[in-house]
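Colleague: I would like a close look at one part of this model, set in the context of the chain as a whole. Please take it step by step.

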Amino acid sequence: MSEPLYVIAGNILHAMDKATMLDPGGNEIIDPAAYNTIDGLYDTFDTKIEACAAAMRDIEARAQAAADEAERLYERKVSLLKHRDWLKEYIRQNMEFVGRQKVEGSLFTVRVQNTAARVEIADRTELPPEFVVVKTTESPDRTKLKEALTAGREIPGVSLVKGTTVVIR
């Protein structure tokens, strides 16, 4: 079984420490065998990095397949619920058409009943202000913040942060 990447990286650093040492006079001593070991470790490291990149691509593909399937299943759910709603309205219309309020079967009892009153708004623009709730949200404008910071402005509690990322092509 191959070693984990962090172990290989540690082995490289250890081998680099051993490759050059100082003699008692302070002169640098180079160990050619250690450099051969380092070259082999770098080959192993590079192979492991490439395997990790391949695994990342596989995981990304599986995640995308899962997202696609989730979208398909969501669309299927919406379609099924629309069909259910259509059937419910179909039953209601036909029961009212023939004047039946209740049908008792062996598995289900279906009845038509009055619902509680609900508010229906034909035109929101005609509502008096006391019947309107205004909702506001606040969120930082990151684009403007970045422009201001890049221009040299100091803003308390805000800073530009640069990081690193792995790019696989």
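How many Å³ of space lie in the largest pocket, and which residues line the largest pocket?

Modeller: The model is a predicted one, and in it the largest pocket holds about 320 Å³ of space. Its lining is made up of Asp85, Lys88, Glu89, Ile91, Arg92, Val110, Arg111, Val112, Gln113, Asn114 and Thr115, and by character these divide into five charged, three polar and three nonpolar residues. Helix H2 gives the largest share of the lining, five residues, while H2 and strand E4 (109–111) each supply at least two.

Arg92, one of the lining residues, belongs to helix H2, which runs over residues 32–98. With a relative accessibility of 31%, Arg92 counts as partly exposed, because that class lies between the 20% limit for buried and the 50% limit for exposed. The side chain of Arg92 makes a polar contact of 2.6 Å with that of Glu96. Val112, also in the lining, is 20 residues from Arg92 in sequence, and their C-alpha atoms are 6.4 Å apart in space.

As for the setting, the protein chain has three helices and four strands, arranged along the sequence as α-β-β-α-β-β-α. Its radius of gyration is 35 Å, well over the 15 Å that the globule rule gives for 169 residues, so the chain is more spread out than a compact globule. The C-alpha atoms fill a box of roughly 110 × 55 × 25 Å along the principal axes, and 8% of the 169 residues count as buried.

Key. Residues are numbered from 1 along each chain as its sequence is written. This is a predicted model: local features need pLDDT of at least 70, side-chain atom pairs count only at pLDDT 80 or more; totals for chains, interfaces and linings use all residues. Side-chain values use heavy atoms; hydrogens and water are left out. Buried means under 20% relative accessible area, exposed over 50%, partly exposed in between (1.4 Å probe, protein chains only). A polar contact is a pair of N or O atoms within 3.5 Å; within protein, one must be able to donate a hydrogen and the other to accept it, and residues adjacent in sequence count only if both atoms are side-chain atoms. On a 1 Å grid over the protein atoms alone, a cavity is a set of points where a 1.4 Å probe fits but cannot get out, and a pocket is an open set with protein on both sides within 12 Å along at least five of seven lines; lining residues have an atom within 4 Å of a point. Grid points are joined across faces, edges and corners, and a volume is the space filled by probe spheres set on the points. Ala, Val, Leu, Ile, Met, Phe, Trp, Tyr, Cys and Pro count as nonpolar, Asp, Glu, Lys and Arg as charged, and the others, Gly among them, as polar. The radius of gyration is taken over C-alpha atoms; the globule rule is 2.2 Å times the number of residues to the power 0.38.
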